[in-house]
Amino acid sequence: MNNKLICISKWEKSSLSINLDSYPNNIMYNHGTLNEIKSNKLPIEDSDRIMDMRKSAEAHKQVRKYVQEMIKPNMKVFDVCEKLENKIKTLFPNNDLKSGIGFPVSFSINNCVAHDSAIPNDTRIIKENDIIKVDFGTHVNGNIIDCAFTVAWNEEYKQLIEASKNATWNAIKLAGVDSSIKDISNEIKETIESYEVEIKGKVYQIKPVSNLGGHDIYPYKIHGGTVILCDPIKYNMMLSNDQLNSLRMKDNTCYAIETFATTGNGFVSNDPDLPTTLYSKNYMNNINYNPKLNLSKKLLGYINKTRSSLPFCTRWLKNGFQKYKVPLNELVKNDVITSYPPLSDIKDSLSSQLEHTIYLHEYGKEILSHGDDN
Ligand code: MN
Ligand code: MN
């Protein structure tokens with residue numbers, strides 16, 4: 001067994017670890033990888049937002065490097081999640097609505113594909129044969145960088161990791177103003193299905209996770225409503241053929257491009273074995289609800305003040321909110337807060353993910369989160 005982390009390239013750039021909040025406002029952050037450049041000037045209208053996204057991306061890259069060097073088998077899941085989020089707080093010490101954690105780290109292991117994280121008092125230990133999807137967000141003025149990578153130590157998983165990596169990059173290549181979302185979805189499916197993997201002597205045809213995918217991102221709003229599914233067949237449940245054919249990517253828009261590959265059925269559902277830990281305020285409809293319980297009122301006030309519509313997790317509910325379950329349930333039942341349960345494929349399956357945040361603007365296609373790792 002190889003004890004070295006696989007799937008990670010070398011980080012060439014030295015890591016800054018200073019407080020990005022204290023940087024003067026006029027500093028230039030490195031831009032992401034640029035494609036299809038049309039002009040050397042940033043569109044004035046969006047330049048503040050683009051600068052914020054670049055700053056947010058710089059923080060994401062530094063935290064990723066730190067995590068990839070630190071994570072090892074036998075560590076506690078809880079400790080890795082806390083260390084990761086604490087690293088974001090060293091870069092953005094205020095960690096408030098102006099800058100900080102965009103959403104809690106998703107730490108989804110093996111057949112769990114998305115939306116798990118350490119719960120309070122989590123006792124799980126990382127194992128040598130685990131394959132972990134590490135998905136976290138940083139934000140500056142609500143401009144969220146949503147970027148994820150896969151961690152494993154077992155060399156047998158390499159093709160599974162390659163499948164989502166290549167699918168995400170093929171999707172990024174097709175992305176652009178007016179690109180057909182159906183075509184991108186199809187490209188993701190075909191790329192992932194071209195892979196197989198042999199694990200413990202058994203060969204698996206790798207499948208895309210058909211009911212998960214990328215999405216548009218707006219300030220303080222991680223899921224904008226457009227989805228770029230890993231398999232176009234699943235649009236059947238949401239859209240007519242005409243609607244799907246006319247679904248195109250838009251100018252001056254931020255997209256998370258993410259793909260998931262699995263040795264399972266290629267379909268995720270709520271995992272009954274894992275407790276729900278991720279939540280956010282329901283920003284889809286503006287609900288005017290007056291909580292009945294005092295603690296629910298307090299909790300809602302706390303979330304409004306510290307997170308607004310940015311996601312949070314139960315691990316963060318300390319100081320007076322240790323007994324969060326009943327108040328949180330009241331808010332979820334009345335649609336003020338939305339819960340995001342862990343999503344898993346079948347038991348004993350394994351899965352991988354790669355995600356990048358890109359921005360489509362007149363200047364070109366900018367892969368904001370692209371770093372030395374993937
Ligand atoms: Mn993500
Ligand atoms: Mn995403």
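This is a short tour of a predicted model, starting at a metal site and moving on to the nonpolar cores.

**Stop one: the manganese ions.** Select ligand 2, a manganese ion, and show the protein side chains that hold it: Asp146 (OD), His215 (NE2), Glu258 (OE) and Glu355 (OE), with the donors 2.1 to 2.2 Å away. If you'd rather find them by scrolling along the chain, look for the spacing D-x68-H-x42-E-x96-E. Now bring up ligand 1, also a manganese ion, which sits 3.2 Å from ligand 2. Click on Asp146 while you're here, as this residue coordinates both ions.

**Stop two: the two glutamates.** Colour strand S11 (residues 253–262) and strand S17 (residues 351–361). Glu258 belongs to S11 and Glu355 to S17, so the pair ties together parts that lie 97 residues apart in sequence. Are these side chains buried or exposed? Glu258 is buried, at 6% relative accessible area, and Glu355 is buried too, at 0%.

**Stop three: the largest nonpolar core.** Leave the metals and select Phe107, Ile126, Ile132 and Val134, the residues that touch the most other members of this 42-residue core. Add helix H2 (residues 77–91), the top contributor here with six residues. Then centre on Phe107 and show what surrounds it: beyond its neighbours within four places in sequence, its contacts include Ile71, Val77, Val80 and Cys81, along with Asp116, Ser117 and Lys133. Ile126, Ile132 and Val134 are also in contact with Phe107.

**Last stop: the second core.** Finish with Ala175, Tyr255, Ala261 and Leu360, which are among the members of a separate core of 40 residues.

How values were computed: Residues numbered from 1 in each chain as written. Chains lettered and ligands numbered in written order. Predicted model: local features only at pLDDT ≥ 70, side-chain atom pairs only at ≥ 80, totals over all residues. Heavy atoms only, no water. Donors = N, O, S within 2.8 Å, 3.2 Å for Na, K, Ca; no water. Helix = DSSP H or I, 4+ residues; strand = E, 2+ residues; numbered from the N terminus. Buried < 20%, exposed > 50% of the residue type's maximum accessible area, 1.4 Å probe, protein only. Core = buried A, V, L, I, M, F, W, Y, C linked by side-chain atoms within 4.5 Å. Contact = heavy atoms within 4.5 Å.
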